[in-house]
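Visitor: Pick one part of this model and take me through it slowly, side chains included. After that, carry on to whatever else deserves a look.

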Amino acid sequence: MTRQSRVLVVDADTDTLTRTTSALQQADEFSVLTASDTDAALDRLDETTDSPIDCIVTEHRPPSVDAFALADVVRKDETTPVVFFTAHGDEQLAGDALAAGVDGYLPNTGIEDDYDRLRARVSDAVETRSRQTARADRFEHYRAIVETMLDGAHIIDETGERVYFNSRSSVVHDMDTDRLESDAPDVFVEMGIMSQSELDHYQRVTREILDGERETARVEMTLALPNDGERTVEVRLTRLDEDRLRGVVGTTRDITERVAAEQELAARNEQLTNLARFFSHDLRNPLNVATGYAELARQTGADEHFDRLEDALDRMDGLVDDVLTLTTQRSTNLDRTPLSLASLVRRAWETVETGDAALVVETDRTVHADEGLVRRLFENLFRNSVEHGSTGSRTQSDDSVEHGAPSTTVTVRDVDGGVAIDDDGDGFPEDHEGLLDLGVSGNGGTGLGLAIVAENADAHGWNVVLEESPSGGARVRLDFTEDDGVEALPPTNESSESVASR
């Protein structure tokens with residue numbers, strides 16, 4: 001025999017109490033207890049702890065019957081539904097009752113239709129609360145497990161409804177668990193935490209697990225979290241199929257640092273692959289040259305062969321320095337300080353073998369950057385201009401060279417949004433795509449100089465563009481980003497000066 005639901009009816013009016021009790025007892029599913037005021041109702045609840053009340057039907061007629069006070073007491077155990085059934089209500093009372101979280105509000109005008117609605121509402125409230133209680137008991141074991149997790153975790157029942165989020169999820173999403181359980185995951189799209197496409201993918205995978213198409217899955221997505229900003233997370237979904245629970249448990253782990261490390265490792269591996277190609281080709285050339293001139297020097301003893309041998313060895317030494325720069329520098333943690341660009345480029349110029357080339361500085365910028373990386377960047381730009389530009393100063397006459405005119409002039413000047421390094425040489429080849437990549441050279445060089453420039457600029461978030469200079473030579477433009485703290489200082493006597501080489 002099916003157990004009858006125990007209903008407590010509270011009403012100070014004896015006639016109304018009797019009619020309500022009789023109406024409920026017409027349905028065999030209810031067993032009715034009564035109370036004439038709030039205190040008596042609370043006593044009834046205390047007396048029935050072994051056989052708990054399944055639903056309370058109460059009038060609201062203060063001070064003897066205060067339905068709100070009764071609901072407040074009952075709400076503490078969150079198990080007994082409360083239905084307001086009042087002959088003295090109005091819209092204000094109805095709104096207050098629903099705002100208080102009661103399980104139903106029905107007017108009592110004394111007609112049979114009112115009692116039909118009451119029986120249906122009580123039956124529905126008892127069934128709903130019973131289902132919720134059973135589900136809570138069923139998930140209690142898993143709640144205890146996921147609540148101890150340091151990662152965000154949630155439980156999904158067999159219908160696809162998210163029924164539990166642990167406290168870590170509440171902290172991560174800056175949202176209480178009640179709202180998470182009622183509104184997630186759609187609320188994440190509304191708040192901009194995740195995109196609709198990512199939600200669709202996540203729900204599709206969840207459905208596949210619930211349908212038994214797979215046991216586990218990992219879904220990677222990017223979330224814009226309220227307190228932590230943009231993070232990459234991995235949601236691991238695991239199917240649960242036991243007597244006590246059928247559904248899915250999901251755990252969300254922040255993998256932002258891991259993804260960044262994997263990306264850096266992939267970039268380094270690609271760099272090592274390129275270096276291997278470089279060593280097999282570009283470094284072999286000066287090595288073969290050195291070997292050949294060493295043999296000639298041994299046979300003839302001529303100074304010119306030793307000079308050529310020394311040149312080849314110097315070239316190899318420069319290549320090794322460049323390789324060390326690319327493989328040992330770590331640009332993820334920059335030591336940014338305010339730097340005078342004019343002073344920095346002059347110091348970089350002084351460390352490069354520039355022959356009779358000249359430097360012109362037309363910038364008064366200050367840039368917040370890592371001094372070592374930026375200085376290395378300019379050293380490589382200057383070396384590139386001098387080595388490849390000096391052969392192309394075709395506009396100079398022999399007479400001008402004899403009278404001390406520089407073979408190459410390199411100009412560092414401000415441009416909109418950044419700075420340009422111009423020379424008056426031959427310029428870049430027409431097809432200069434890829435010159436910033438490791439091992440790619442336009443004029444027989446090593447392909448390392450511009451690769452170092454590109455890497456050091458990228459470390460600062462700057463963009464490198466290869467163009468033609470105003471004189472028809474090569475221009476390398478550095479485009480600074482808005483948040484680099486780049487600013488212009490009042491002109492100093494350092495700017496717009498021409499500096500001859502040593």
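**Around strand β3**

Guide: Let's start with a strand pairing: β3 runs parallel to strand β4 (residues 82-86), and three bridges hold the two in register. One of the partners across that pairing is easy to find, since Val57 has Val83 as its bridge partner in β4. Keep in mind that what you're looking at is a predicted model.

Now turn to another neighbour of β3. Strand β1 (residues 5-10) also pairs with β3 in the parallel sense, this time over four bridges. Here you can put Leu8 opposite Ile56 of β3.

Next, the side chains of β3 itself. Cys55 and Val57 point one way, Ile56 and Thr58 point the other way, and all of them are buried. Colour those four by accessibility and you'll see buried residues on either side of the strand.

Helix α2 (residues 38-47) comes into the picture too, with Thr38, Ala41 and Leu45 as its buried residues. Looking down the axis of α2, you find them within an arc of 60 degrees, so they line one face of the helix. The spacing fits a familiar rule: an α-helix has 3.6 residues a turn, so residues three or four places apart point the same way. As for what that side meets, the buried residues of α2 pack against β1, β2 (30-35), β3 and α3. Roll the helix over, and the face turned away from the buried side shows you the exposed residues Asp39, Asp46 and Glu47. While you're there, check the start of α2: Asp37 has a side-chain oxygen that comes to within 3.2 Å of the backbone nitrogen of Asp39.

Following the chain out of β3 brings you to a backbone detail. In the loop between β3 (55-58) and α3 (67-75) sits Pro63, and the peptide bond from Pro62 to Pro63 is cis, with omega near 5 degrees. If you're collecting cis bonds, add the one from Ala184 to Pro185, again with omega near 5 degrees; Pro185 belongs to the loop between α7 (177-183) and α8 (186-190). Another backbone angle to check is at Asp174, which isn't a glycine yet has a positive phi of about 55 degrees. You'll find Asp174 in the loop between α6 (167-173) and α7.

Last stop, some aromatics. Searching the whole structure turns up five aromatic pairs. Take Trp462 and Phe480: their ring centres are 4.7 Å apart and the planes sit at 65 degrees, so the pair is edge-to-face. Trp462 comes from the loop between α16 (449-459) and β16 (463-468), while Phe480 comes from the loop between β17 (474-479) and β18 (487-488), 18 residues apart. Both rings belong to buried residues, with relative accessibility at 5% for Trp462 and 12% for Phe480. Elsewhere, Trp349, Phe378 and Phe382 make up one aromatic cluster.

Trp462 also leads you to Asp479 in strand β17, whose contacts, leaving aside residues up to four places away in sequence, are Gly417, Trp462, Asn463 and Val465. Asp479 is buried at 17% relative accessibility, and its side chain makes a polar contact of 2.8 Å with that of Arg477. For a distance check, the C-alpha atoms of Asp479 and Ala457 are 9.2 Å apart in space, with 22 residues of separation in sequence.

Note on methods:
Residues numbered from 1 in each chain as written. Predicted model: local features only at pLDDT ≥ 70, side-chain atom pairs only at ≥ 80, totals over all residues. Heavy atoms only, no water. Phe/Tyr/Trp six-rings, centres within 6.5 Å; stacked < 30°, edge-to-face > 60°. Buried < 20%, exposed > 50% of the residue type's maximum accessible area, 1.4 Å probe, protein only. Contact = heavy atoms within 4.5 Å. Polar contact = N/O pair within 3.5 Å; in protein donor to acceptor, adjacent residues only side chain to side chain. Pairing = 2+ DSSP bridges. Arc of directions from axis to C-beta.
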